[in-house]
2 protein chains.
Amino acid sequence: MRNKDKLSYIILGLLRTEPMSGYDLKKKFESEVGEFWQANTGQIYPSLKVLLNDKAVTYDVEIVGEKLEKKTYRITAYGEELFNTWLTHAVDRYPIQKDEFMLRLYFMDTDNEENMRKLVSDEREVHQKKLNYLLQRKAIIFGDDDTAQKSGHYLVLDFAIQRETMKIEWLSQLSLSFDNKKTRVK
Amino acid sequence: MRNKDKLSYIILGLLRTEPMSGYDLKKKFESEVGEFWQANTGQIYPSLKVLLNDKAVTYDVEIVGEKLEKKTYRITAYGEELFNTWLTHAVDRYPIQKDEFMLRLYFMDTDNEENMRKLVSDEREVHQKKLNYLLQRKAIIFGDDDTAQKSGHYLVLDFAIQRETMKIEWLSQLSLSFDNKKTRVK
DNA sequence: TCCACCATGTAAGCGGTTACATGATTGC
DNA sequence: GCAATCATGTAACCGCTTACATGGTGGA
């Protein structure tokens with residue numbers, strides 16, 4: 001395990017909360033953690049192998065049904081050590097946020113109103129769907145009480161919601177500026 | 001050039017605005033476009049080679065000074081065709097936004113106030129610096145007039161500023177919640 | 001019986017970073 | 001003269017995606 005390998009730290013973090021299988025980890029990357037990092041089997045299983053080799057995790061085999069072997073991974077004391085070092089060590093540099101939509105916007109002729117409107121409304125739809133999904137998840141997991149819960153899970157969900165809300169508002173503002181322009185011309 | 005290769009499209013887009021060298025492209029990725037995509041020489045020069053091979057770009061050699069050969073790349077009609085197809089074709093799927101800070105937040109024990117405060121204040125500092133830099137650039141490039149300019153360049157800068165502002169506000173809110181908690185306990 | 005899901009992996013290849021290598025030019 | 005910057009590239013390696021391969025389990 002190399003010390004810049006973020007995925008390994010995330011797996012350790014997930015295993016610290018509760019022991020689980022590679023398949024369970026995959027599901028975690030599809031939900032909670034998935035808002036800010038993702039991984040699939042092509043990375044998870046090889047990564048577990050490395051962690052196992054480094055003695056940062058161990059596993060117990062559990063037989064499900066007749067013969068299905070489920071490996072339940074658990075973090076070791078050494079793994080906890082590695083993880084805690086990462087957790088309290090500051091983020092080294094500014095994260096690069098790739099955004100293909102913003103690139104298109106950058107390149108598009110802003111006077112081509114038809115293209116601009118389509119680009120913006122398509123993007124808004126994508127983010128509106130995402131926002132709806134996030135709000136629904138928040139309601140299901142945390143209910144209506146906004147003040148009480150301040151767990152890590154709550155915080156990441158809340159930030160993701162803020163992020164989507166902000167983008168939608170910005171896109172709406174942009175749409176409005178097209179309308180104003182049209183009115184002014186008339 | 002494979003049709004999923006975003007970098008090539010970005011290079012074409014940059015060359016469409018004005019012909020330039022690989023070195024110039026690199027600088028573009030450090031500023032304007034860099035807010036939403038980045039690339040360095042290890043990708044740019046090989047990518048130009050592929051585009052050249054596909055006849056999407058051509059170049060003229062210019063002698064700078066005595067013997068320094070500067071290759072000024074220019075987009076071809078075929079390249080423009082490729083680029084326009086990409087530009088007006090909708091973004092296929094939701095962008096994954098990696099954020100190591102949010103991961104740390106997710107994993108950190110929210111009751112460990114000392115660790116939380118440090119994590120949050122370090123992150124705020126990083127984004128405050130970024131915001132200051134962006135505001136300065138906006139002032140230099142576009143001046144004080146907020147209403148007039150609606151070019152692609154203006155829009156990406158504006159969005160980046162919104163993004164940073166939102167994160168800083170969210171982090172401030174979080175800091176406040178620590179303070180309130182402390183007061184309540186007293 | 002069938003299908004969705006549980007469960008574990010591998011291989012190929014691409015996208016991207018880091019580091020290296022080399023040399024010219026411009027301005028102080 | 002020196003340093004910053006201009007300028008072009010290559011090589012190694014890693015991170016990550018996509019696709020493939022295989023099979024078991026549980027419920028309608």
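Reader: How many nonpolar, polar and charged residues does the surface near DNA strand C have?

Author: Happy to start there. In this predicted model, the surface near DNA strand C has 10 nonpolar, 10 polar and 9 charged residues. In total, 29 residues surround the strand, and the closest are Y23(A), G42(A), G42(B), G65(B) and E66(B).

Reader: Which elements give two or more residues to that surface near DNA strand C?

Author: Chain A brings α2 (22–30), α3 (41–53) and β2 (68–75), while chain B brings α1 (6–17) and α3 (41–53). The top contributor is α3(A), with 4 residues.

Reader: And what should I look for near DNA strand D?

Author: Try the reading again with this strand. DNA strand D is surrounded by 28 residues, and G42(A), G65(A), E66(A), Y23(B) and G42(B) are the closest. At least two residues each come from α3 of chain A and from α2 (22–30), α3 and β2 (68–75) of chain B. Here α3(B) gives the most, with 4 residues. By class, the surface near DNA strand D holds 10 nonpolar, 10 polar and 8 charged residues.

Reader: Nice. How are chain A and chain B related?

Author: The general idea is that two copies of a chain are related by a rotation about an axis and a shift along it. In this case, rotating by 180 degrees with 0.0 Å of shift along the axis superposes chain A on chain B, with an RMSD of 0.0 Å. That is why we can speak of a two-fold axis. The same surface serves both copies, as 100% of the contact residues of chain A recur in chain B.

Reader: Which residue of chain A comes closest to the rotation axis?

Author: Look for Q97(A), whose C-alpha lies 3.1 Å from the axis.

Reader: Which domains does the assignment give for chain A?

Author: There are domain 1 (6–88) and domain 2 (100–185). The C-alpha centres of these two domains of chain A are 33 Å apart.

Reader: Now helix α6 of chain A: how should I read its span and its buried residues?

Author: Begin with the span. Helix α6 of chain A covers residues 113–142, 30 residues, and reaches 42 Å from first C-alpha to last, close to the 44 Å expected at 1.5 Å a residue. For the burial pattern, remember that an α-helix has 3.6 residues a turn, so residues three or four places apart point the same way. In α6(A), the buried residues include M116(A), L119(A), V120(A) and E123(A).

Reader: What follows α6(A)?

Author: Next comes G143(A), which has a positive phi, near 70 degrees.

How values were computed: Residues are numbered from 1 along each chain as its sequence is written. Chains are lettered from A and ligands numbered from 1 in the order in which they are written. This is a predicted model: local features need pLDDT of at least 70, side-chain atom pairs count only at pLDDT 80 or more; totals for chains, interfaces and linings use all residues. A residue is near a molecule or strand if its C-beta atom, placed from the backbone, lies within 6 Å of it. Ala, Val, Leu, Ile, Met, Phe, Trp, Tyr, Cys and Pro count as nonpolar, Asp, Glu, Lys and Arg as charged, and the others, Gly among them, as polar. Domain bounds come from an automatic or database domain assignment. The expected span of a helix is 1.5 Å times one less than its number of residues. A residue is buried if 20 or more other C-beta atoms lie within 10 Å of its own, exposed if 12 or fewer, and partly exposed in between; C-beta atoms are placed from the backbone. Copies are superposed by least squares on the C-alpha atoms of residues with pLDDT of at least 70 in both. Two residues are in contact if their C-beta atoms, placed from the backbone, lie within 7 Å.
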